[in-house]
Amino acid sequence: TSTMGYIWNTLYGWTDTGSGGLLPPSTDSLTQPIGHHVAHPDTKRRMHELISASGLIDSLKQIDAAPAAEADILRVHDQSHYDRILAESALPKGGDAGDGVSPFGHGGHRIAMLAAGGAIEAVRTVVEGQVSNAYALINPPGHHAERSTGRGFCTFNNGAVAAAYARDVLGLKRVAIVDWDVHHGNGAQDIFGGTAEVLNISVHQDRCFPSDSGFREERGHGEGFGYTLNVPLPPGGGSGAYEYAFDTVVLPAVRAYKPDLIIVASGFDASIMDPLARMMMRSEGFRSLVRKLVDLAAEVSQGRLVCLQEGGYSPIYVPFCGLAVIEEMAGVSTGTQDAYTPILGAMGGDKLLEHEREAIDLASVLVSDIH
Ligand SMILES: Cc1nn(C)c(C)c1/N=N/c1ccc(/C=C/C(=O)NO)cc1
Ligand SMILES: [Zn+2]
């Protein structure tokens, strides 16, 4: 078995998220400026530092990200979206991804191209067999970015760019996107909703963000009907709910689809310490989810599994969630214990509750339309 690939670039830690906490500073609404925006890059830089300090990085094959080309972006985004990002990136104070609450600084276009390029590199090295699987710790994230606009801190849809590259350049026929970020993967749904060549599965806290999408009834359209699969979960779910959703919906759906590649939109904002959602996952819960996907990839996609970093806003806890996932993918144990487990484990979330089981059982019937 060959080595696992890992992508990080210093510039991923230099994104400029402005001086707001979530909303921009304003003396009208009295939203004070603050040092760290919820999406401040320090959270992901700290994850990289834990991968390094734990020694895990010595077991990984570091892959250099090259910036994506404009053509790579235009496979999934409109020219107008690309051109606007490029133009606003040249402004002294940068611009916004598209929803007015996703600021980026001067030169942000360059980092966003490097994030999309990192996703492409990870997919290319896995498909070419240079590495067994890969984790791309990229930033800014991508899974909320739609064909014609950025959203929710996402500029270009890194996962969609990588899936389209795998299909159009590497010649793969079927790509499955499994989005375990706590927020709805609306971007891939918007971009690939009309095709069966991408199976897009999102497990997320019901109506958290975007608050008006991610419902079970959203199933794709035309040839793509049935190949968008949404599993909204009630707030408060932990490993009990997530593992049941994976065992009874996600894994059967991917098994039925038999993809050539599995791409994971890997956000850690379902964690119990995250400020932007209300789920209760801990690092060992994420470890268990990726274990399931590593085993499933070995069964259906020749082991081809690529995780792309999405959300995750606890600078304290995201590093431990990321370490657990990458250890599990690499098949390496650094012996690093998640020091927060004793404290966080006492707060609950491990047991599947009846209302969670009911919500998930409503989604499992959707698998029958996947062939
Ligand atoms: C809309 C809107 N309107 N306003 C005023 C605000 C401040 C709005 N955005 N809130 C947000 C934006 C992004 C997220 C999560 C992103 C993520 O991690 N995805 O994976 C959550 C809430
Ligand atoms: Zn998220």
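These are my notebook entries on a predicted model of a protein with a zinc ion.

**Conventions.** I number residues from 1 along each chain as its sequence is written, and I letter chains from A and number ligands from 1 in the order in which they are written. In this predicted model, local features need pLDDT of at least 70, side-chain atom pairs count only at pLDDT 80 or more, and totals for chains, interfaces and linings use all residues, while side-chain values use heavy atoms, with hydrogens and water left out.

**Overall fold.** I looked up the secondary structure and found eleven helices and ten strands; these are DSSP runs numbered from the N terminus, helices being H or I of at least four residues and strands E of at least two. The C-alpha trace spans about 50 × 45 × 45 Å along its principal axes. The radius of gyration is 19 Å, which agrees with the value near 21 Å for a compact globule of 371 residues. That radius is taken over C-alpha atoms, and the globule rule is 2.2 Å times the number of residues to the power 0.38.

**Burial and contacts.** I find that 60% of the 371 residues count as buried. Buried means under 20% relative accessible area, exposed over 50%, and partly exposed in between, with a 1.4 Å probe and protein chains only. I then checked contacts (heavy atoms within 4.5 Å). Of those between residues at least 6 apart in sequence, 76% join residues at least 24 apart.

**Zinc site.** I looked up the donors of the zinc ion (ligand 2) and found Asp181 (OD), Asp181 (OD), His183 (ND1) and Asp269 (OD), at 2.0 to 2.8 Å. Donors are N, O and S atoms within 2.8 Å of the metal (3.2 Å for Na, K and Ca); water is not among the atoms, so sites may look incomplete. The spacing of the donor residues in sequence is D-x1-H-x85-D. Both Asp181 and His183 are buried.

**Val254.** I place Val254 in helix α7, residues 239–257. Val254 counts as buried because its relative accessibility is 0%. Leaving out residues up to four places away in sequence, Val254 touches Val178, Leu199, Ile201, Pro259, Ile262, Leu296 and Val300. I also took the C-alpha separation of Val254 and Phe320, which is 27 Å for residues 66 apart along the chain.

**Arg75.** I find Arg75 in the loop between α2 (70–74) and α3 (79–89). Arg75 has 26% relative accessibility and therefore counts as partly exposed. With residues up to four places away in sequence not counted, Arg75 touches Arg147, Ala164, Tyr165, Asp168 and Val169. The C-alpha atoms of Arg75 and Tyr165 are separated by 8.0 Å, although the two residues are 90 apart along the chain.
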